[in-house]
Amino acid sequence: MKEISRHPGFYKLPIDERLRVAAQALEIELDELIAAIDRGGLQAETADKIIENVIGTYALPFALGLNFKVNGRDYLVPMAVEEPSVVAAASNAAKMIRAGGGFFADADESIMIGQVQLEYVPNAAEASAAIISHEKELVDLGNRAIPDLLLHGGGVRGLEVRQLTDDMLVVHMLVDCRDAMGANTVNTVCESVSGRIGLLARCRVGLRILSNLCDQRKVRVTVKVPPSAIASKGFSGEQVRDGIAKASRFAEIDPYRAATHNKGVMNGIDAVVIATGNDFRAVEAGAHAYAARSGRYRPLCTFCVDDQGQLLGKMEIPMALGIIGGPTRVHQGARMALRILNVKSARELAQVVASVGLASNLAALRALSTEGIQRGHMTLHARSVAIAAGAQGAQVELVAERIRALGQITVEAAEQVLQDLSNERYST
Ligand code: MEV
């Protein structure tokens, strides 16, 4: 298997050199790569066809996550995110995880749930029995509305009935969306079967819409990390391992901590979801609803020490993603992101995305349980501060380094350093 994701020193290269290295590793023409992601990968004229009232486009930094090995395969991972250190931290954690063999992931079939709400049901037990006994007819009816998905091997797989109150039921239409995220398809199914369901239940039909709690479309990731791979300045591998396990336990017992813990997980997940043109609001909604499924908000990803003394990380999360349809059709940057990943299915994409979430979490817990998060954050933040102070090109790194060394990561300090640099130039 080719090691396309290992590029030590990548961060030190100028952008055009990074592009060259990436194009070579990915076997994509350099010009093609540049053209696809130039100016955010979306022209205003195209944007105008996607949403309403467009006055321009809005870009985010587009980066590559390195060192990812998922189920034995190497991936360069496109990430679109504005927060400093997310990409570096995930790449760094992926390198540590690689030392233990990488990420092992599996994903459910792409089953989405479409809800048909039934109100003022006169007899819930009879209505439920009538719907269940007509399952085949309703599945066929739903399938007739989505011929394209049927052609791609997907379709309505069955239904479930849930009673919510004495006179309210909800029918879940289970739709295998294959490589599409599937929102439109599922809504079409719901609308196409709802009339018949209302007749069978002899009641009023309420809402007909997909559920973002897609708990039949989950992805699971496991990693085993040897302590030697996670040792940090002044901390042994065992100390770091135990610190990470304790930090994970904190999230398990406290929802206030779990929320921040999961925010760190979503740092990595959203970055890939956005880069690939997927609906991050849907993924977020599903993730947090799933995290709260027990009645208490819990961590999506946990770490403990296994019986061989390794750090064992596990994650399970619903993941509704598509590699066809939606913005992937029209957004050049998203299309290129999918090409960079070279995934063959939405399930494979889900496995990579969840792995990035787990890596982000590991990086955060490692930093938090050792030197704290601020040093790393501020180191990267120094570059943005240097730019804000007016540094350009090679000056950015120079100014960032000096304000970091001064321990004053402020625009004022950066302006002073710029002034000093210019005085130095004139005095030599
Ligand atoms: C910051 O974007 C994310 C963290 O707060 C996550 C965490 O606390 O686990 C560092």
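1. The sheet. In this predicted model, four strands form an open sheet in the order 3-8-10-9, and their pairing is antiparallel. Strand 3 (104-107) and strand 9 (301-305) occupy the edges; each has a single partner strand, so one side of each is left without a neighbour in the sheet. On average, and with direction ignored, neighbouring strands of this sheet are turned by 15° against each other.

2. The pairing of strand 9 and the helix on the sheet. Strand 9 runs antiparallel to strand 10 (residues 311-318), and five bridges join the two. Within this pairing, cysteine 301 has methionine 315 in strand 10 as its bridge partner. Helix 11 (residues 280-291) packs on the sheet, where it touches strand 8 and strand 10. The direction of helix 11 makes about 115° with that of strand 10.

3. The contact of helix 4 with helix 13. These two helices pack at an angle of about 95°, and their axes are 8 Å apart; helix 13 comprises residues 346-368. Angles of 65 to 115 degrees count as roughly perpendicular, and helix 4 and helix 13 are therefore roughly perpendicular to each other. On the side of helix 4 the contact involves Ala89, Ala90, Asn92, Ala93, Ala94, Met96 and Ile97. On the side of helix 13 it involves Val356, Leu358, Ala359, Ser360, Leu362, Ala363 and Arg366. By class, the residues of this contact divide into 11 nonpolar, two polar and one charged.

4. Alanine 90. This residue of helix 4 merits separate mention. Is alanine 90 buried or exposed? Its relative accessibility is 0%, and alanine 90 therefore counts as buried, the limit for that class being under 20%. Apart from residues up to four places away in sequence, alanine 90 touches Phe68, Met79, Val356, Ala359 and Ser360. Val356, Ala359 and Ser360 are also among the residues of helix 13 that meet helix 4. The C-alpha atoms of alanine 90 and serine 355 are separated by 9.4 Å, although the two residues are 265 residues apart along the chain.

5. Serine 232. The loop between strand 8 (218-225) and helix 9 (237-253) contains serine 232. With a relative accessible area of 16%, serine 232 is buried. Its contacts, leaving aside neighbours within four places in sequence, are Val240, Arg366 and Thr370. Arg366 is also one of the helix 13 residues in the contact with helix 4.

6. Salt bridges within a helix and between distant parts. The structure holds 27 salt bridges. Side chains of opposite charge can pair when their charged atoms come close. One of the salt bridges joins the side chains of arginine 20 and glutamate 17, at 2.7 Å from N to O. Both residues belong to helix 1 (residues 15-26) and lie three residues apart, about one turn of the helix. Arginine 20 is partly exposed at a relative accessible area of 37%, and glutamate 17 is partly exposed at 27%. Another salt bridge is formed by lysine 263 and glutamate 83, whose closest N and O atoms are 2.8 Å apart. Lysine 263 lies in helix 10 (residues 255-275) and glutamate 83 in the loop between strand 2 (73-80) and helix 4 (86-98), so this pair ties together parts that are 180 residues apart in sequence. Lysine 263 is partly exposed, with a relative accessible area of 42%, and glutamate 83 is partly exposed at 22%.

7. A network of salt bridges. Arginine 157 and aspartate 176 meet through their side chains in a salt bridge of 3.1 Å, N to O. The pair links strand 5 (residues 155-165), which holds arginine 157, with strand 6 (residues 168-176), which holds aspartate 176; the two residues are 19 residues apart. Arginine 157 is partly exposed, with a relative accessible area of 44%, whereas aspartate 176 is buried, at 3%. Through shared partners, salt bridges join Glu109, Arg157, Asp176, Arg178 and Arg347 into one network.

8. Positive phi values. Which residues other than glycine have a positive phi? Asparagine 53 is one of them, with phi near 55°. Asparagine 53 sits in the loop between helix 3 (44-50) and strand 1 (62-70) and is exposed, with a relative accessible area of 74%. Tyrosine 120 also has a positive phi, of about 50°. Its place is the loop between strand 4 (111-119) and helix 5 (124-133), and tyrosine 120 is exposed at a relative accessible area of 58%.

Note on methods
Residues are numbered from 1 along each chain as its sequence is written. This is a predicted model: local features need pLDDT of at least 70, side-chain atom pairs count only at pLDDT 80 or more; totals for chains, interfaces and linings use all residues. Side-chain values use heavy atoms; hydrogens and water are left out. Buried means under 20% relative accessible area, exposed over 50%, partly exposed in between (1.4 Å probe, protein chains only). Contact means heavy atoms within 4.5 Å. A salt bridge is a side-chain nitrogen of Lys or Arg within 4 Å of a carboxyl oxygen of Asp or Glu. Two strands pair if DSSP finds at least two bridges between them. Axes are lines fitted to C-alpha atoms, for helices over the stretch in contact, and angles run from 0 to 180 degrees between N-to-C directions. Angles under 35 degrees count as roughly parallel, over 145 as roughly antiparallel, 65 to 115 as roughly perpendicular and the rest as oblique. Ala, Val, Leu, Ile, Met, Phe, Trp, Tyr, Cys and Pro count as nonpolar, Asp, Glu, Lys and Arg as charged, and the others, Gly among them, as polar.
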